[in-house]
Amino acid sequence: MSAALIFGLLFALMLTGMPISISLGLTVLTFLFTMTEVPIESVGLKLFSGLDNFGIMAIPFFILAGTFLTRGGVARRMIAFTTSLVGHLPGGLGLAGVAACAMFAAISGSSVATVVAIGSIMMPAMVDHGYPKRFGVGVISTSGALGILVPPSIILVLYGVSTNTSIGALFMAGIVPGVVLALMLAAVTFFVAQRNGYPKMPRATIGQQFTAFRESIWGLLLIAIVLGGIYGGIFTPTEAAAVAATYAFFITVFVYKELKLSEVPKVLLQAASMSSMLLYIITNAVLFSFLMTHEQIPQEMAAWIIDKNFSVWMFLLVVNIILLLAGNVMDPSSILLIMAPILFPLATKLGVHPVHLGILMIVNTEVGLCHPPVGLNLYIASSIAKMGISEITISVLPWLCAMLVFLGLITYVPEISLWLPRLLGMI
């Protein structure tokens with residue numbers, strides 16, 4: 001009954017159009033004031049203890065790094081480099097877009113930043129070279145979702161903070177799935193382009209490839225600095241985020257010189273705005289998690305599942321269905337912050353590894369980014385390409401089907417996620 005009341009009130013508030021963060025907060029406060037005897041002082045204490053987490057500091061730093069990189073010409077140089085490598089293949093610009101999204105995802109940690117940075121350059125370029133607009137939209141909308149899977153991912157940090165799972169292990173676990181998904185999206189791009197006879201680019205010479213690589217090396221080095229520093233024990237993921245933000249500032253202002261010092265305050269304000277919005281959601285999600293735990297809802301759900309002898313296979317199927325449905329009405333951070341505290345104890349009771357569950361949840365939210373009604377990537381692509389959402393939804397279907405196949409692989413072949421962190425002794 002408590003679960004029905006809590007979720008009923010939450011969804012009723014969301015259906016009014018109220019932001020998810022406020023809906024969470026009002027649900028918790030209404031329930032605590034009217035249906036429990038929890039001292040209100042404990043709410044403030046829980047808020048403080050829930051946010052007093054060193055890992056949370058990584059979020060504003062990664063957002064700041066992504067904001068600098070989006071504004072500083074890094075994306076354009078990465079596109080030039082990937083185009084020089086694969087532009088001569090069928091659908092070459094599309095393949096370059098997939099590769100550029102994967103690379104930019106590995107330095108921005110954000111799906112939104114990836115779609116904006118790569119899409120604003122690549123989609124007009126595809127149209128100029130004779131590709132249909134719907135093809136470019138399909139490639140970039142889905143490939144941009146790599147931003148929340150390929151480390152360093154802001155959403156992986158959120159999962160680590162929410163479930164007390166090693167962020168370093170989660171970062172390593174995202175590498176192999178990220179590569180596999182990028183290859184699957186590239187395969188779909190190649191097949192669609194070849195079947196429709198889309199144009200190829202002239203083959204770049206070795207000299208042109210080297211020049212493009214040299215110009216993009218400063219951005220690519222950030223991947224090695226962040227992941228190499230974490231794995232090498234030089235700094236923690238949170239410290240890596242601070243290093244990434246400092247490095248991004250340096251290369252965009254003093255190396256590429258595409259961001260003036262006078263423009264830096266605007267970048268800081270933009271990053272602060274995004275960070276405060278996300279941290280406000282986290283604050284209310286901490287309260288929601290506290291309420292769920294106090295009412296013993298996850299524990300009772302776990303007992304019910306064990307009593308019904310649910311197999312791991314069936315449990316993971318149910319998790320996927322729940323998360324895919326949630327993707328229709330919520331953004332990735334909201335899904336993660338609401339569902340992780342509920343699903344985590346259930347999964348651990350059934351022997352599902354926390355790192356595997358984290359990657360599974362991230363992939364589900366990736367799919368949610370690429371279909372309506374809340375598919376954020378589609379809306380960003382729509383504003384760039386000047387296309388309607390219904391038309392874009394049809395355009396992304398081939399790539400979306402590939403993502404669903406990939407979701408099945410990640411769900412039932414956990415070694416795809418666990419192999420690398422296990423090899424490195426992180427789990």
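# Reading the labels on a predicted helical chain

User: Lys-257 has its place in the loop between helix H13 (237-255) and helix H14 (264-294); why does Lys-257 count as exposed?

Analyst: The model is a predicted one, in which local features need pLDDT of at least 70 and side-chain atom pairs count only at pLDDT 80 or more, while totals for chains, interfaces and linings use all residues. Residues are numbered from 1 along each chain as its sequence is written, and side-chain values use heavy atoms, with hydrogens and water left out. A residue is called exposed over 50% relative accessible area, buried under 20% and partly exposed in between, with a 1.4 Å probe and protein chains only. Lys-257 has 63% relative accessibility and is therefore exposed. The backbone of Lys-257 also has a positive phi of about 55°, although Lys-257 is not a glycine.

User: What makes Asn-164 exposed, and what is notable about its phi?

Analyst: Asn-164 stands at 75% relative accessibility, so it counts as exposed. Its place is in the loop between H9 and helix H10 (167-173), and its phi is near 60°, a positive value in a residue other than glycine.

User: Why is Pro-39 called partly exposed?

Analyst: Pro-39 reaches 49% relative accessibility, so it takes the label partly exposed. It belongs to the loop between helix H2 (20-35) and helix H3 (40-51), and its C-alpha is 43 Å in space from that of Ile-410, with the two positions 371 residues apart in sequence.

User: How do you know that Thr-189 is buried, and which residues is Thr-189 in contact with?

Analyst: The relative accessible area of Thr-189 is 0%, and Thr-189 is therefore buried. Thr-189 is part of helix H11 (residues 175-196), where helices are DSSP runs of H or I with at least four residues, strands are runs of E with at least two, and both are numbered from the N terminus. Contact means heavy atoms within 4.5 Å; leaving aside neighbours within four places in sequence, Thr-189 is in contact with Gly-91, Gly-94, Leu-95, Val-98, Phe-135, Val-139 and Trp-399.

User: What makes Ile-140 a buried residue, and what does Ile-140 contact?

Analyst: Ile-140 has 0% relative accessibility and so counts as buried. This residue of helix H8 is in contact with Gly-97, Cys-101, Val-115, Ile-118, Gly-119, Met-122 and Met-123, once neighbours within four places in sequence are left aside. For one of these partners, Gly-119, the C-alpha to C-alpha distance from Ile-140 is 6.0 Å, at 21 residues apart in sequence.

User: Why are H6 and H7 called roughly antiparallel?

Analyst: The axes of helix H6 (residues 92-108) and helix H7 (residues 111-128) cross at roughly 160° and come within 9 Å. Axes are lines fitted to C-alpha atoms, for helices over the stretch in contact, with angles from 0 to 180 degrees between N-to-C directions. Angles under 35 degrees count as roughly parallel, over 145 as roughly antiparallel, 65 to 115 as roughly perpendicular and the rest as oblique, and H6 and H7 are therefore roughly antiparallel. The residues of the contact of H6 with H7 divide into 12 nonpolar, 4 polar and no charged.

User: What makes H6 and H8 roughly parallel?

Analyst: The axes of H6 and helix H8 (residues 133-143) come within 9 Å and cross at roughly 20°, and the pair is therefore roughly parallel. In this contact Gly-94, Gly-97, Val-98 and Cys-101 of H6 meet Phe-135, Val-139, Ile-140 and Ser-143 of H8.

User: How do you know that the protein chain is as compact as a globular protein of that length?

Analyst: The protein chain has 22 helices and 0 strands. Its radius of gyration is 22 Å, close to the 22 Å that the globule rule gives for 427 residues, so the chain is as compact as a globular protein of that length; the radius is taken over C-alpha atoms, and the rule is 2.2 Å times the number of residues to the power 0.38. The C-alpha atoms fill a box of roughly 70 × 45 × 45 Å along the principal axes. Buried residues make up 55% of the 427 residues, and of the contacts with a separation of 6 or more, 79% are between residues 24 or more positions apart.

How values were computed. Nonpolar A, V, L, I, M, F, W, Y, C, P; charged D, E, K, R; others polar.
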